[in-house]
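Hi everyone, thanks for coming. I'd like to walk you through one structure today, and we'll take it piece by piece. Have a look at it first.

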Amino acid sequence: MDALELLRLNLLSPMVLAFVLGLVAVWVKSDLKLPDALYTTLSIYLLFAIGLKGGAELSVTSFEMLWRPILATLVLGVTIPFVAYGILKRFGRFGVIDAAAIAAHYGSVSAVTFTAALTFAQSQNIPLEGFLPALVAVLEVPGIAIALWLARSAMTGEHSSFGSIAKELLTGRSLFVLIGGLMIGWLSGKPGLEQVKPFFVDPFKGALTLFLLEMGMVAAGRLRDFLKVGPFLIGFALLMPVINGTLGVLLGHYAGMTIGGAFVLGTMAASASYIAAPAAIRVALPQANPAYYLGASLGVTFPFNLAIGIPLYYAIANALGGQR
Amino acid sequence: MDALELLRLNLLSPMVLAFVLGLVAVWVKSDLKLPDALYTTLSIYLLFAIGLKGGAELSVTSFEMLWRPILATLVLGVTIPFVAYGILKRFGRFGVIDAAAIAAHYGSVSAVTFTAALTFAQSQNIPLEGFLPALVAVLEVPGIAIALWLARSAMTGEHSSFGSIAKELLTGRSLFVLIGGLMIGWLSGKPGLEQVKPFFVDPFKGALTLFLLEMGMVAAGRLRDFLKVGPFLIGFALLMPVINGTLGVLLGHYAGMTIGGAFVLGTMAASASYIAAPAAIRVALPQANPAYYLGASLGVTFPFNLAIGIPLYYAIANALGGQR
Amino acid sequence: MDALELLRLNLLSPMVLAFVLGLVAVWVKSDLKLPDALYTTLSIYLLFAIGLKGGAELSVTSFEMLWRPILATLVLGVTIPFVAYGILKRFGRFGVIDAAAIAAHYGSVSAVTFTAALTFAQSQNIPLEGFLPALVAVLEVPGIAIALWLARSAMTGEHSSFGSIAKELLTGRSLFVLIGGLMIGWLSGKPGLEQVKPFFVDPFKGALTLFLLEMGMVAAGRLRDFLKVGPFLIGFALLMPVINGTLGVLLGHYAGMTIGGAFVLGTMAASASYIAAPAAIRVALPQANPAYYLGASLGVTFPFNLAIGIPLYYAIANALGGQR
Amino acid sequence: MNTTPAKRITIIAERLLEDRLVRDLILSGATGYTITDARGAGSRGVRVSEWEGGNIRLETLVSPVVADKILELLQKKYFEHFAVIATLEDVEVVRGEKYL
Amino acid sequence: MNTTPAKRITIIAERLLEDRLVRDLILSGATGYTITDARGAGSRGVRVSEWEGGNIRLETLVSPVVADKILELLQKKYFEHFAVIATLEDVEVVRGEKYL
Amino acid sequence: MNTTPAKRITIIAERLLEDRLVRDLILSGATGYTITDARGAGSRGVRVSEWEGGNIRLETLVSPVVADKILELLQKKYFEHFAVIATLEDVEVVRGEKYL
Ligand SMILES: Nc1ncnc2c1ncn2[C@@H]1O[C@H](COP(=O)(O)O)[C@@H](O)[C@H]1O
Ligand SMILES: Nc1ncnc2c1ncn2[C@@H]1O[C@H](COP(=O)(O)O)[C@@H](O)[C@H]1O
Ligand SMILES: Nc1ncnc2c1ncn2[C@@H]1O[C@H](COP(=O)(O)O)[C@@H](O)[C@H]1O
Ligand code: NA
Ligand code: NA
Ligand code: NA
């Protein structure tokens with residue numbers, strides 16, 4: 001199957017189409033509005049379900065198989081924020097604060113993009129490592145922490161300590177639910193997962209579809225803000241994921257992951273956080289402009305990955321895997 | 001199976017019983033109250049799910065098979081509001097505004113009644129055309145637009161233009177979600193639907209049951225208001241669906257639809273809108289009295305169709321189909 | 001399988017672990033918060049689903065098989081509040097009002113604890129009477145009514161009549177939905193249940209898991225209040241369920257129920273209400289201190305039963321059943 | 001714009017009391033009310049049953065005479081045992097004659 | 001603290017009107033608004049379509065001149081046919097210069 | 001009815017700030033607060049992460065002294081970088097001695 005065919009299949013999946021429907025809803029000024037409570041519920045549901053499945057899978061995975069992919073993920077989490085920060089400061093002429101804020105988003109990971117990659121793999125019957133959700137938890141924190149450290153070391157003044165930032169990230173909703181799900185899945189194992197499968201596993205893709213409808217509406221709002229921002233950041237938001245995605249695929253490949261696993265790790269690297277990172281940045285670096293970091297991550301990179309990035313990273317992983 | 005047996009089976013379905021439970025909740029003054037967010041979520045879910053299934057079905061239907069049923073539906077959408085308006089003005093002595101407002105409701109269609117008909121057909125193993133949800137979208141707009149046109153042509157004054165009314169209807173939540181679902185179902189086809197089946201297809205009837213619990217509570221409130229209104233409108237709200245339902249079955253029959261298809265088209269014709277129409281009328285004809293149009297459509301016609309109309313229209317379709 | 005193994009299996013089920021996750025969320029001050037609407041929705045869903053399944057089961061159960069278990073349940077509902085009231089007044093030196101308020105909670109039943117017992121039985125493949133949910137409805141009211149009567153007969157003054165209390169209990173949300181579900185399940189029977197199974201039956205345990213996550217967060221808050229209260233009530237909240245549970249298992253056994261049935265009846269007896277009772281007591285005995293009755297029932301007894309009580313009562317039922 | 005002076009009573013109370021409070025308002029002569037769902041904490045901080053939800057924030061626009069009646073009733077029926085808090089303030093209402 | 005006197009207009013209306021009201025506020029010169037979802041009852045008590053939800057409670061902080069404009073517009077466009085209720089009161093705003 | 005004069009501070013802020021604001025209110029001497037979920041728009045209009053929800057509307061009844069302290073703290077900690085808006089008004093509280 002060639003790259004264009006993959007792209008077509010991805011674009012016509014109910015998930016991507018639901019996202020587009022959300023965009024359209026805003027553009028035609030429909031009065032459609034999903035309740036806040038539904039959005040929060042779906043977020044928690046998706047994160048918890050990802051965690052559960054990953055945890056149940058971890059319970060049957062040896063550390064032997066895990067350590068290299070975890071190392072690869074940590075390398076990504078440390079490298080990407082530096083690269084992003086450098087590009088933004090040097091070529092984009094952003095100030096320290098805004099450069100760090102944006103770098104934090106690209107250094108972290110988007111759980112929904114990750115999920116879309118899983119779903120894509122499943123619908124193409126691509127085999128995958130089951131422990132991938134654990135890597136999401138590993139990737140979520142370092143990028144944000146390093147970006148904050150970059151901002152701090154360039155600024156003077158008090159502000160909260162490194163430890164308190166890490167604690168805030170770990171007790172923040174998204175990571176808490178994800179790690180909580182991982183632990184529960186791991187402790188209760190596959191028989192435990194079996195009991196809750198009709199709720200957390202089977203309807204998962206449908207719930208994601210509904211969630212992406214809402215995401216489309218949110219992204220449309222962000223995109224509008226964003227277009228005022230100027231071409232450099234748009235270019236950044238389109239190129240950065242390709243660079244990070246390629247890097248992720250490569251590292252996954254050399255860490256001995258399957259084609260599918262390298263593809264998903266690449267997608268994770270390419271994705272920009274828009275749940276954990278914005279909340280952390282808003283509080284730790286309130287001077288940073290949300291129109292930049294949200295516009296880039298949610299308005300451009302997220303839809304780009306969803307529509308084009310995912311089949312692209314797969315094509316790369318496939319080409320690389322074929323060489324072996 | 002005779003008509004009485006059908007009636008009994010319909011009355012004892014969980015959906016109808018849940019509706020009754022909702023009525024009872026209000027009558028015994030239970031403090032049961034479903035959250036607003038649940039009601040909105042279920043509405044969106046049901047409409048989107050109907051759309052998805054219909055769209056996936058459309059993707060395997062030729063235009064050849066479609067055009068006659070669509071024509072029949074359009075004829076219904078144009079005829080019913082004129083008939084209703086005439087009866088209300090002439091025999092009911094309603095003013096132009098109120099007559100048009102009520103006519104708009106009966107000219108449009110209730111997605112929940114439609115769904116109840118589908119569910120009834122399924123539980124009786126009655127074969128159906130899969131593209132029926134597309135007809136709901138076709139029927140939803142013309143009735144409202146014509147009724148508004150009737151009101152306008154009898155009134156003087158500015159008010160919003162015809163085009164803006166059509167746009168408001170099409171971007172209104174209910175139609176937007178339904179058509180959006182249709183498009184997504186059509187583009188992603190049966191394989192797409194398959195992916196989200198455990199969320200949008202399998203639990204559908206259960207979600208409908210919960211929704212009807214809420215509808216029962218809403219209808220009970222409306223019914224109370226309505227009983228103050230007088231016997232003519234009550235009679236109208238009981239007879240109009242029977243007339244429209246019979247008309248719908250006939251047109252469906254002569255458009256070459258199956259017994260099941262003619263039955264569902266009849267139910268659609270018989271049903272009165274209480275989502276799209278009230279919102280449109282409230283804004284376009286604010287002088288109209290909501291106690292009339294909501295009391296009639298939601299307080300009387302909806303429960304009537306749910307309990308008695310559905311098996312009745314099926315019996316008619318069956319009798320007609322047998323003759324062929 | 002010995003008691004310790006049962007305990008381990010119970011503690012590692014996703015439900016109990018989700019409860020623990022909720023406790024942890026509060027302890028680490030995570031900003032996780034489930035929407036109010038989700039909590040209410042899940043409550044209604046769980047009660048209605050329990051009712052539906054029980055009702056469908058009732059529709060195939062003869063009165064012959066029912067009357068002895070119902071009698072046993074009534075005996076429990078009448079005995080427990082007297083015992084609890086006596087202990088609290090005599091040994092705990094509580095005032096009339098607070099003693100009665102707490103007694104009402106232990107005399108009634110917790111639907112979630114009941115459900116956890118069902119789920120435990122299922123995961124251990126323990127056969128059960130299907131009509132058990134009907135017993136929950138039977139047990140819910142008398143305990144509260146008797147406790148109120150105890151308080152009233154010790155007090156002077158007007159207050160609402162006995163009849164009005166019973167009516168308030170029966171039309172209160174929780175009992176209304178449960179009995180409503182029972183009626184619908186009974187009227188529509190097993191074929192009716194079959195239609196809504198993918199919504200109300202299959203995902204049930206997953207929904208319970210999500211609900212218990214929230215319950216953990218709620219209980220953590222209560223527990224904190226409660227620890228200020230003093231050791232007597234803590235001891236009471238740990239011992240009372242064991243006494244009541246043993247009594248329930250015994251009565252179930254002598255009423256001819258299966259081992260599984262006696263176990264579940266014991267769990268019901270052991271459980272303390274925290275939905276119906278608090279609402280009733282708050283209104284009927286507003287002078288009573290909620291920190292006592294909620295702290296005991298929700299902060300101590302509920303987690304105790306969930307983690308330790310359930311396998312314990314099963315071990316007792318098993319030992320007793322083996323003797324026969 | 002011609003407006004009418006009126007009193008606005010704002011009541012914060014446990015959600016459990018919603019029906020009762022509304023009944024009492026109407027009985028005291030209020031012609032309407034508006035409720036929003038709220039949460040909060042105060043000096044007692046004990047709330048019953050999460051299932052009942054948190055607090056409500058109830059507003060009603062009334063004449064001074066009715067305002068007095070309502071506050072007296074609240075005093076008598078709720079203040080001792082329930083977490084109820086009430087404030088009174090002066091506002092101008094458009095079309096005030098409809099509500100007072 | 002130095003604060004600026006301002007007018008607060010509070011509008012209770014059917015949710016259906018949200019978009020229209022917001023548009024009109026902005027057109028009249030309001031620089032912002034805050035909305036909470038509300039429910040209630042009044043003298044008419046007829047509400048359209050549950051799908052549209054209940055009422056909204058809309059607040060805006062404005063200068064006296066803008067306040068007057070808004071009330072006039074409400075009067076003209078909504079009061080006859082819709083369930084709209086509006087109150088006006090005096091408040092002190094911190095950093096008032098931003099909003100007025 | 002005997003009522004006590006008090007100050008009501010109403011704060012509109014991003015939901016993200018809820019915990020921080022509450023902590024600061026209590027530290028400044030407020031004995032309670034009431035929060036409703038709100039949405040809105042203003043001159044900046046930039047809100048972070050939908051996952052955090054929209055705005056909150058936080059009310060607290062306090063004595064004039066505490067009111068001043070709160071406003072000063074808000075000024076110092078939030079006004080520069082966050083979307084926070086605060087108003088102050090006079091109300092009469094029933095059982096005011098409990099809260100002030
Ligand atoms: N000083 C205050 N300002 C605003 N709201 C308050 C205040 N004190 C109490 N409340 C509200 O009233 C409820 C009950 O207060 P209490 O009875 O003191 O626990 C709280 O949950 C708050 O919503
Ligand atoms: N006196 C009042 N005080 C507070 N809110 C009111 C009052 N009257 C009406 N309302 C609100 O305004 C809405 C519409 O009122 P009405 O048009 O009188 O039905 C009601 O649903 C209430 O939310
Ligand atoms: N003039 C105003 N009146 C009422 N609420 C306002 C006003 N301006 C701003 N707000 C509220 O304050 C929030 C933040 O405002 P801003 O920082 O100007 O974007 C908005 O989302 C509104 O909820
Ligand atoms: Na990334
Ligand atoms: Na119709
Ligand atoms: Na009990």
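Here's a question to start with: which residues are linked in a network of salt bridges? They are D:R8, D:R57, D:E59, D:E89, E:R8, E:R57, E:E59, E:E89, F:R8, F:R57, F:E59 and F:E89.

Before we go into that, some housekeeping. This is a predicted model, where local features need pLDDT of at least 70 and side-chain atom pairs count only at pLDDT 80 or more, while totals for chains, interfaces and linings use all residues. Residues are numbered from 1 along each chain as its sequence is written, chains are lettered from A and ligands numbered from 1 in the order in which they are written, and side-chain values use heavy atoms, with hydrogens and water left out.

Okay, back to the salt bridges. What I call a salt bridge is a side-chain nitrogen of Lys or Arg within 4 Å of a carboxyl oxygen of Asp or Glu. Over all chains, that rule gives 48 salt bridges.

Take one pair from the network: D:R8 and E:E89 form a salt bridge, with their closest N and O atoms 2.9 Å apart. This pair crosses between chains, going from strand β1 of chain D to strand β4 of chain E. Strands here are DSSP runs of E with at least two residues, helices are runs of H or I with at least four, and both are numbered from the N terminus.

Are D:R8 and E:E89 buried or exposed? Both are buried. By buried I mean under 20% relative accessible area; exposed is over 50%, and partly exposed is in between, using a 1.4 Å probe and protein chains only.

Another pair from the network sits within chain D: the side chains of D:R57 and D:E59 meet in a salt bridge, 3.4 Å from N to O. D:R57 counts as buried because its relative accessibility is 3%, and D:E59 counts as buried too, at 8%.

For contrast, let's look at chain F. There, F:D24 forms a salt bridge with F:K77, and the closest N and O atoms are 3.0 Å apart. F:D24 lies in helix α1 (residues 18-28) and F:K77 in helix α2 (residues 64-77), so the pair ties together parts that are 53 residues apart in sequence. F:D24 counts as buried at 7% relative accessibility, whereas F:K77 is partly exposed at 44%.

Now, the strands. Strand β4 of chain D covers residues 85-94, and 8 of its 10 residues are buried. What does β4(D) pair with? Let's start inside chain D: strand β1 (residues 3-14) and β4(D) pair in the antiparallel sense over 10 bridges. Two strands count as paired if DSSP finds at least two bridges between them. In that pairing, D:A6 stands opposite D:V91.

Then β4(D) reaches other chains. It is joined by 2 bridges to strand β4 of chain F, running antiparallel, with D:L88 opposite F:E92. It is also joined by 2 bridges to strand β4 of chain E, again antiparallel, and there D:V93 stands opposite E:T87.

Next up, chains A and C. Chain A can be laid on chain C with an RMSD of 0.0 Å by a turn of 120° and a shift of 0.0 Å along the axis. That is the relation of a three-fold axis. The superposition is by least squares on the C-alpha atoms of residues with pLDDT of at least 70 in both copies. Which residue of chain A comes closest to the rotation axis? That's A:A37, at 3.7 Å by its C-alpha.

How do the two chains meet? The contact, meaning heavy atoms within 4.5 Å, takes 21 residues from chain A and 28 residues from chain C. Only 5% of the interface residues of chain A are also interface residues in chain C, so the copies meet through different surfaces. There is 1 salt bridge between chain A and chain C: C:D31 with A:R173, at 3.7 Å between the closest N and O atoms.

Last stop, the sodium ion, ligand 4. Its protein donors are A:Y106 (O), A:S108 (O), A:M268 (O), A:A269 (O) and A:S271 (O), lying 2.4 to 3.2 Å from it. Donors are N, O and S atoms within 2.8 Å of the metal, or 3.2 Å for Na, K and Ca, and water is not among the atoms, so sites may look incomplete. A:Y106 and A:S108 are both buried.
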